[in-house]
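Colleague: I would like a close look at a single part of this model, taken slowly, with its surroundings described afterwards. Please start with the term you will need and then go through the details.

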Amino acid sequence: MRSVGAFEAKTHFSALLDAVARGEEVVITRHGRKLARLVPIEAGQGRAAAEAAAARILERSRGVTLDGLRIEELIAEGRP
């Protein structure tokens, strides 16, 4: 994985995109702090993986309350 500063990323963005197209990952930093990561589109999660993650989140939240209040009640409480 390659790391570049924000100024260099701005200056050489086209070259960075070429590197990513070849399968390389690039981390963009500012003042030594990681800010972003450029990855090939194939390396990202697809729609099916995102839907499966959302389903897991929903399943884990079923029956969860906040001091005995269900989320539907909290939402309704905030409505006029």
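Modeller: A residue is called buried when its relative accessible area is under 20%, exposed when that area is over 50%, and partly exposed in between. With that cut-off in hand, and bearing in mind that this is a predicted model, the part to look at is strand β2. Four of the five residues of β2 are buried, so the strand is mostly covered.

The strand pairing comes next. On one side of the account is strand β1, residues 2-5, which pairs with β2 in the parallel sense over four bridges. One of the residues involved is S3, whose bridge partner in β2 is V27. The other pairing is with β3: here the sense is antiparallel, and there are five bridges. V26 has L38 as its bridge partner in β3. β2 and β3 also form a hairpin, with two residues between the strands. In that turn, H31 has a positive phi of about 55 degrees.

T29 shows how a single position in β2 sits among these neighbours. T29 belongs to strand β2, and its relative accessible area is 12%, which is under the 20% limit, so T29 is buried. If neighbours within four places in sequence are left aside, T29 is in contact with S3, V4, G5, A6, K34 and L35. Helix α1 covers residues 6-11, and β3 covers residues 33-38. The contacts of T29 therefore include S3, V4 and G5, from the strand of residues 2-5, as well as K34 and L35, from the strand of residues 33-38.

β2 also takes part in the nonpolar core. The largest such core has seven residues: V4, A9, L16, V20, V26, I28 and L38. Two elements, α2 (13-21) and β2 (26-30), each give two or more residues to this core. As a general matter, nonpolar side chains in soluble globular proteins tend to be buried together. L16 gives a view of the core from another of its members. Beyond its neighbours within four places in sequence, L16 is in contact with R2, V4, A9, V26 and L38. V26 thus appears in the contact list of L16 and has L38, also in that list, as its bridge partner.

Another core residue of the strand, I28, can be placed relative to helix α1. K10 lies in that helix, and the C-alpha atoms of K10 and I28 are separated by 9.8 Å, although the two residues are 18 apart along the chain. K10 has a relative accessible area of 63%; this is over 50%, so K10 is exposed.

Just ahead of β2, a salt bridge links the loop to β3. R37 and E25 form this bridge, with their closest N and O atoms 3.3 Å apart. Because R37 lies in strand β3 and E25 in the loop between α2 and β2, the pair ties together parts that are twelve residues apart in sequence. The two partners fall into separate accessibility classes: R37, at 52%, is exposed, and E25, at 25%, is partly exposed.

The count of salt bridges comes to four, and two others can be set beside the one just described. R47 and E51 form a salt bridge in which the closest N and O atoms are 3.1 Å apart. Both residues lie in helix α3 (residues 47-61), four residues apart, about one turn of the helix. R47 is exposed at 69% relative accessibility, while E51 is partly exposed at 46%. E59 forms a salt bridge with R62, where the closest N and O atoms are 3.2 Å apart. E59 is exposed at 51%, and R62 is exposed at 59%.

For contrast with the covered strand, there is also nonpolar surface. L66, L69 and L74 form a nonpolar patch with about 240 Å² of accessible area together. L69 is in the loop between α3 and α4 and, at 35% relative accessibility, is partly exposed. Helix α4 (residues 71-77) contains I71, which is exposed at 54%. The C-alpha atoms of I71 and S61 are 9.6 Å apart, with their positions ten residues apart in sequence numbering.

Note on methods. Residues numbered from 1 in each chain as written. Predicted model: local features only at pLDDT ≥ 70, side-chain atom pairs only at ≥ 80, totals over all residues. Heavy atoms only, no water. Core = buried A, V, L, I, M, F, W, Y, C linked by side-chain atoms within 4.5 Å. Buried < 20%, exposed > 50% of the residue type's maximum accessible area, 1.4 Å probe, protein only. Contact = heavy atoms within 4.5 Å. Salt bridge = Lys/Arg side-chain N within 4 Å of Asp/Glu carboxyl O. Patch = residues over 30% accessible without salt bridge, like charges linked within 9 Å, V, L, I, M, F, W, Y side chains within 5 Å. Areas by Shrake-Rupley, 256 points an atom, 1.4 Å probe, with all protein chains shown as cover. Pairing = 2+ DSSP bridges.
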